[in-house]
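Hi everyone, thanks for coming. I'd like to walk you through a structure that may be new to you, so have it open while I talk.

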Amino acid sequence: MPASPPSPAASRLRIVNWALWDWGSASFNAVIITFVFAPYLTKSVAATEEAGSSALGWSMAAAGFVIAVIAPAAGTRADAGGRHRLWLGVHTGIVVLTMFGLFFVRDSPDYLWLGLLLLAVGSVFFEFAEVSYNGIMVRITTPDNVGKVSGFGWGMGYVGGLVLLVILLVLVIQPEVGILGASDVDGLRFRIVAVLAAVWFAIFAIPVLFSAPGAKVKGTSGGHPIRAFVSDYAGLVRRLVRMWSTEHQTLRFFIASAVFRDGLAAIFSFAGVLAAGSYGFSASEIIILGVAANVAAGAGAMIAGWFDDRLGPKPVIIAGLIVIIAGGLPILFSAEAAVFWACALILSFCVGPVQASSRSFLARITTPESAGENFGLYATTGRAVSFLGPAMFALAITIFGFQRAGTLGILIVLAVGLALIIPVRPDAPAHSMQARTEA
């Protein structure tokens, strides 16, 4: 006899617990990768900023390659036994350990490669964790609330990032001697930041590991690991061939979203670089920019969830991309900090909705039995073109000779993604979600 569905209160609690993982994971994305620790590596640990930036780029490229190769099979393994919760816990635990490991990265070139290795390993397993995390979303949502839930998760991530950034700014970064004796000696200030970020992630990852559904689905996750991996990839190749002939719209969505998501990632990746290089922001001002950007993106993601559920994800994606492209153009022509602030907040407000609705779009396409595989493909396609944003940013600067011109390169990537998503028909997601409801 099938289990009865959870009560509305229990469903809401599951959703909140699920979204708390997004809240906690911002400690890795916002603090470690974007605003605090990675800049510490390139500016204070590396012998020169140029050498550090180049090494960071190569290490992240290597991490992206590993993700592209392994993520789909990792998702299929999770699908095979319905073990998204298990693998979310394992992969999150590894990410937290790499963050703790960053405490040992002192401000000397001798520690650069340790820091880069830990960042790369953390990035790989963070992507793997997101595959299972997104797979859980398929099991806790319905056709009526999937957009709202996806937006709520993204919003929680942004809000969690801003809360943590404010805490770290006040307690660790700004004081001459911060909490736990944080100072500039041996880079201790930034090493303590890494430890506090790890604790933050670990605490807020716990609720979903106890409340997420873990029902078994058809299949097995047993067998020799290598043979299982090869078998999973053979199945993946067959899936791609089948998608080309019978799920063409889904495949087109993967391609389009990979392009515009890379442009969205580039916005956050280079916002701090532009703020410092073209507009003269100090380190504290960059963190304040990060706080404001997270507020705007979180608000946008939560608000857009309402429109997603009523209009569908595609209109939200298209509208968001159009506003981002238009809002980024003034950066090309103005060196005024006020203009950059206004544009940054507009872009941030729209980045959240586009990201959330992209995930919602895929959730509407996906059945629970293929959640891990599809979100593994989602991660893989995104990583497969992850060079586009950085390459176009650098190429535009090379051609035009000033840093703000890099914005044009990113906007071109977003425009290509917009052109690719417009022809994708949203009828396939609706049929899939209807089938999930009737099952």
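I'll start with the whole chain, then go to the cavity, a loop and a surface patch.

First, please keep in mind that this is a predicted model. The protein has 439 residues, and 54% of them count as buried. As for secondary structure, you'll find 16 helices and 0 strands. The exposed surface comes to about 18,300 Å², with carbon and sulfur atoms supplying 71% of that area. Now look at the contacts with a separation of 6 or more: 84% of those are between residues 24 or more positions apart.

Okay, on to the inside. How many cavities of 30 Å³ or more does the count give? The count comes to 1. The space in that largest cavity is about 210 Å³. Its lining is made by 18 residues, and the ones nearest the centre are Ile267, Ala271, Ile331, Phe340 and Leu347. If you want to find the walls on your screen, go to helix H9 (248-277), helix H10 (283-311), helix H12 (337-365) and helix H15 (406-421), since each of these supplies at least two residues of the lining.

Let's stay with Ile267 for a moment. You'll see it in helix H9. Is Ile267 buried or exposed? It counts as buried, because its relative accessibility is 14% and the cut-off for buried is under 20%. If we skip its neighbours within four places in sequence, Ile267 is in contact with Ile324, Leu347, Val351, Ile410 and Leu414. Notice Leu347 there, which is also one of the cavity residues nearest the centre. And here's one more distance: from Ile267 to Gly328 you travel 61 residues in sequence, while their C-alpha atoms are 9.5 Å apart in space.

Next, the salt bridges. In general, side chains of opposite charge can pair when their charged atoms come close. A search of the whole structure turns up 2 salt bridges. One joins Asp186 and Arg106, with the closest N and O atoms 3.0 Å apart. Asp186 sits in the loop between H6 and H7, and Arg106 in the loop between helix H4 (84-101) and helix H5 (112-140), so this pair ties together parts that are 80 residues apart in sequence. Both partners are partly exposed: Asp186 has 35% relative accessibility, and Arg106 has 32%.

The other bridge pairs Asp184 with Arg189, where the closest N and O atoms are 2.9 Å apart. Here Asp184 counts as exposed at 54%, whereas Arg189 is buried at 5%.

Now a backbone point. Most residues other than glycine have a negative phi. Asp186, which we just met, has a positive phi near 55°. Leu180 has a positive phi too, about 60°, and again it is not a glycine. Where is Leu180? It is in the loop between H6 and helix H7 (188-211), and Asp186 lies in the loop between H6 and H7 as well. Leu180 is exposed, with a relative accessible area of 61%.

That brings me to the surface. Leu180 helps make a nonpolar patch of about 490 Å², along with Val166, Ile167, Val170, Leu171 and Ile179. One of these, Val170, is found in helix H6 (residues 146-173).

That's my tour. Feel free to turn the model around while we talk.

Key. Residues are numbered from 1 along each chain as its sequence is written. This is a predicted model: local features need pLDDT of at least 70, side-chain atom pairs count only at pLDDT 80 or more; totals for chains, interfaces and linings use all residues. Side-chain values use heavy atoms; hydrogens and water are left out. Patches are made of residues with over 30% relative accessible area and no salt bridge: like charges are joined within 9 Å, nonpolar side chains (Val, Leu, Ile, Met, Phe, Trp, Tyr) within 5 Å. Accessible areas come from the Shrake-Rupley method with a 1.4 Å probe; for residues, only the protein chains shown count as cover. A salt bridge is a side-chain nitrogen of Lys or Arg within 4 Å of a carboxyl oxygen of Asp or Glu. Helices (H or I, at least four residues) and strands (E, at least two) are DSSP runs, numbered from the N terminus. Buried means under 20% relative accessible area, exposed over 50%, partly exposed in between (1.4 Å probe, protein chains only). Contact means heavy atoms within 4.5 Å. On a 1 Å grid over the protein atoms alone, a cavity is a set of points where a 1.4 Å probe fits but cannot get out, and a pocket is an open set with protein on both sides within 12 Å along at least five of seven lines; lining residues have an atom within 4 Å of a point. Grid points are joined across faces, edges and corners, and a volume is the space filled by probe spheres set on the points.
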